[in-house]
Each structure stands twice: as structure tokens, then as C-alpha cells.
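Please look at the sequence and the 3D picture side by side before reading on. The paragraphs below begin with a small detail and then widen to the whole chain.

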Amino acid sequence: MMSSLPVQAQEAETTVPAVPDALISWIEAGMADWDIPGMAVSIVKEDEVVFARGFGLRKLGEPEPVDEHTLFGIASTTKAMTATILGMLVDEGLIGWDDPVTRHLPTFELYDPYVTRTLTIRDLLTHRSGLGRMTGNRIQFMPNREPAELMYRMRYMEPERPFREGYVYSNMMYMVAGEVVRAVTGEGWDSFMERRLFAPLGMARSNTSITQIPEWENAAWPHQLIEGELKTIPRRNFDNVGASASVNSSAADMAQWMRLNLGEAGTFEGERLLSPETARELYRIVTPIPGNNREAAITAYALGWTVTSWNGRTIYRHGGATDGMNTNLILIPEENVGIFITTNTFNTFMNALGRMLKDYYTGAEFRDWHAVYLRGFEQQFARVQALRDEIHEARLPGTQPSRMLSAYTGLFHDPLYDEVRVVLAEAGLELHFWDDPTQVADLEHWHYDTFRAVWRNPAQREKFVWFKLGRDGQPDELHVQFSLRPLLLQVGAYPTNYYRIVRYGRVE
């Protein structure tokens, strides 16, 4: 456990150091306690980069160190960048925030015709469409299909909440926002992002796809705790929903992005990239997030940013998480401070470090958030592991499938989730999703006609599936439980209290 190192109290007549004296020791202690292979941090204050450094290793078991130029997948912190480039199109008169999406994407269709007609670009960016998760974090959905097909499938997706009546996080809506960029400019979201945002900010290391990271590149590899062991896992390609979370960047580059959003927001080194009106609109609260933060007067979502408060200051922030990558980005505009923290494994130490830095820059009394978060994680791990153990204990031993394994094979279909083929191989049954060789799971018999599907990609973990027999006594439906948010990924994809059961019907 790290020691509680004192931090100099911030007083009006005292000039505090640009960064805490204890910062490096905080980071090194946290990495050791949380078993984090690599990490990078940058801090901006008064339009100056006052800290940018890497720690640890790019890949477990290999010697290459992380530095301030090492690329990490910054995941959902991409969203604010997507909102910013849409703001550029607003300034150019090509779109309006409250344009119906169908004005620019005429074939776009959702489950409810009223929502189809009414949904605006602002709705896409503020998680109030009512539609929930299809992809994100460890979830993969048709990764080898084009955005146009994913948009087509969305017409079969039932809402989780009524339209504009609550916060429901959706990566798919940001994918649609990326397609708006393509529709009005004739240029893909990715190339527009690189040309109009990365280039003016000097973010020369940043890119929009893991396909742009060669094997020799100075880039971190993702890691994940699986069955109690920290393992290197594959990088994940989700280019088809890239506008939601596919940017790869470094601590040094992200410092430039923070500079754009601090001080005279929308201006970088004397060049105005966004009008003052558009810059202000990006941070304006739209969708309240109930119960998200008991320490803040309000927590809500703006255009690509979460807006909250800390020690009397307004905070703009966003987290990012995808397979084995975790990011925390914090802006404190009243102090003209930006904080970027990224790691190459799942953890909440990055949130603890963010809180200690927020305390420092807002003059709050020091609190060892690292110790608080670590204790909380250990308690949560034990609690969730116990729930997983209960699921395992409820397994009925000595049962057999009701039919020969060959009877379960065939092609099954759902309008939203498309096709999955059940194949009998030498080792047993396999699930092949979307005719994609990267999306294959092996079926382990659980009990009766229920199986546990274990993905070949270890980052995707596992899920439960079961077959239903038809009137003829043969399996005619395959039910798949997709875990949309595990209670704790370090324990596994289950238990979960946020999931979707998809009923596939046999088609051959």
C-alpha cells in the first residue's frame, strides 16, 4: 500500500509547484499495487505542458518502455473529438446541431418511426436516444461489417428507455455521427479527423485505427486479468464504429488536445478552430446522469463530455475503456488545468490518481484516493467472485444434452444480430458469428441444453447460450446472452446485471 504523502496546501499567497512533488511516487506505487504494466500521464496548466511522461512497459515480458510518445487506445475519449469536428461543420453551415439525422442520412431508420423522424445530431452525441449498447468495452458486434450495415441493423433494436427521457450510453449513435461527417463532406470520419483536428494541433503521432500501428511502432499492448493471471491480449479493431472510440494517441499528443479545450476554448496557438459559440455549445449540459456521482451537485452529459464538479469547480471529463486499455481525461477550466492518464490494463487506479490531482489543483486537503480505491476494488472483487461462484454452484452435474451434438448444428438468424452458425468440430460444438474468423467461440456443455461459449479471443471472455426444442423435438432456437456490462471484468463477463438475450431462429 502506498504511503500517504503530504501535499502542500494551496493558499492564495503561495505559489505551488506546477505538478505535485509526490506525483511520480504516487504513480509508481499505484502501478505496483494494481499490477499495471504500462502507463502514461500528461498535465497541462496555463496553456503549458507541465508534465508528460511514460512509466513501465509497453508489453508484459518485453523490455521496451512506455514514454510520452507511446500510443495507447484512448477509447471513448474519442467522442469529444468527434463532437468537435462536427462543430467545425456547424461553423461552416453544413449542419446544425438540431438537424434531423435523416436530413443528411435519408435511409437511416430506427425501431420507432417517430424517433427516426425526430432524432437530431445533438441526440446522437448526448446518449438520449433510448438505444443501449451494441458494441464497446469488451463487446464486439459485426466487426468486419461496414457502418452502413450496422446502421441498417439498428432499425431492429428496441429502445431501453423512451426517447429523450433518460441517459442510455450508446457507441452506435456516435458511429452514426461519423457517417454524418461522411455524408456532408464526402470524406470519411477518419481522414477528416486527421486533417482537420490532428494536423492543426500537431498531433502527428495520433491515428484512428489499429491498422495504422505497425508491429515495430512505439505503441502499448493491451492486457487483461483472466482467471487471476495478467495476460497480453490482441489489439482490437472496431473501425466500423471508429467515431465512438478508435483513436490511438500519446500523452504528448493528448496534451495538445487538452490545450485546445482550455483557456480560450477552440483556439490553439492563436489559430481559431471553432467559433466561441460552438466551443461553448460542446460543454453545455443536455442529458442528466442520475445517481452517477454523489460528491457532485450534478453529473450530466454534454456533446462528447461528461460535466460534473469537484471542490466547487466545474469539471469536464471522459473515461475510455476497450479491451485492455483504460483512459481518464479531466479538464478543470477554472484552474486552466488538464489531466490525461492512460494505462494498458483495466483498473480504477487511474480514477484514484485523477482525484488526487483534482484535489491538488483545486486546493483541497490531501486524501489518499489510491488506498480508498484499492480497498474498494478488493471488496468488490470478493463480492463479485462470490456471485460467480454461486452461478457455478447452481450448475447441475451429471446431465447430458437432450440430443446428439450433430442435431444442434446449423444456421440461426436474428434481424438485429444477423447470423450465427453452429458447427460440430472434432473437439465439440463451435459458434461462428457473422462469418468472421475472429468471432468464434467453443461451446462447453454446462447442463441439459445449456452451454458456456468461450471466445477464442480471451479478451471477450465467455457467455451462456442454450437451445430450445421445437414441436418436432429438434433444436429450433438458439438463445445467446450477451453481457453488455459485467459487474467486474477482472472476474469475468458474468455475473452481469446488464445483458441482452438474443433469440436466434433456425434457418437451415
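Which residue in β5 is the bridge partner of Ile 226? The bridge partner is Glu 229, and the two residues belong to a pairing in which strand β4 (residues 223–226) and strand β5 (residues 229–232) run antiparallel over four bridges. Two strands are said to pair here if DSSP finds at least two bridges between them, while the strands themselves are DSSP runs (E, at least two residues) and the helices are runs of H or I with at least four residues, both numbered from the N terminus. The hairpin of β4 and β5 has two residues between the strands, and Glu 227 takes a positive phi near 50 degrees there.

Before going further, keep in mind that this is a predicted model, in which local features need pLDDT of at least 70 and side-chain atom pairs count only at pLDDT 80 or more, whereas totals for chains, interfaces and linings use all residues. Residues are numbered from 1 along each chain as its sequence is written, and side-chain values use heavy atoms, with hydrogens and water left out. The pLDDT is the predictor's confidence in each residue, from 0 to 100; its mean over the protein chain is 94, and 96% of the residues reach 70 or more. Over residues 1–13, however, the pLDDT is below 50, although this stretch has 26 contacts in the model beyond near neighbours in sequence, a contact meaning heavy atoms within 4.5 Å. Where pLDDT is low, the predicted coordinates should not be read in detail.

The protein chain has 13 helices and 22 strands. Eight of the strands form an open sheet with antiparallel pairing, in the order β2-β1-β14-β13-β12-β11-β10-β9, and its edge strands, β2 (48–56) and β9 (287–288), each pair on one side only. Helix α12 (residues 349–362) packs on this sheet, touching β1, β11, β12, β13 and β14, and its direction makes about 15 degrees with that of β13, where axes are lines fitted to C-alpha atoms, for helices over the stretch in contact, and angles run from 0 to 180 degrees between N-to-C directions. At the β9 edge, two bridges join β9 to the antiparallel strand β10 (residues 300–301), and Thr 287 stands opposite Tyr 301.

Thr 287 is also among the residues that Arg 128 touches, together with Val 286 and Phe 163 among others. Arg 128 is found in the loop between α5 (121–125) and α6 (147–153), and it counts as buried because its relative accessible area is 17%, buried meaning under 20%, exposed over 50% and partly exposed in between, with a 1.4 Å probe and protein chains only. In strand β11 of the open sheet lies Trp 310, which is likewise buried, at 7% relative accessibility.

Another eight-stranded arrangement is a closed barrel that runs β15-β16-β17-β18-β19-β20-β21-β22 with antiparallel pairing, and its twist averages 35 degrees from one strand to the next. Within the barrel, β21 (residues 475–486) and β22 (residues 496–506) pair over nine bridges, and His 479 has Arg 503 as its bridge partner in β22.

Turning to the chain as a whole, 60% of its 508 residues count as buried, and its C-alpha trace spans about 80 × 55 × 45 Å along the principal axes.

Technical notes: Lists of a residue's contacts leave out its neighbours within four places in sequence.
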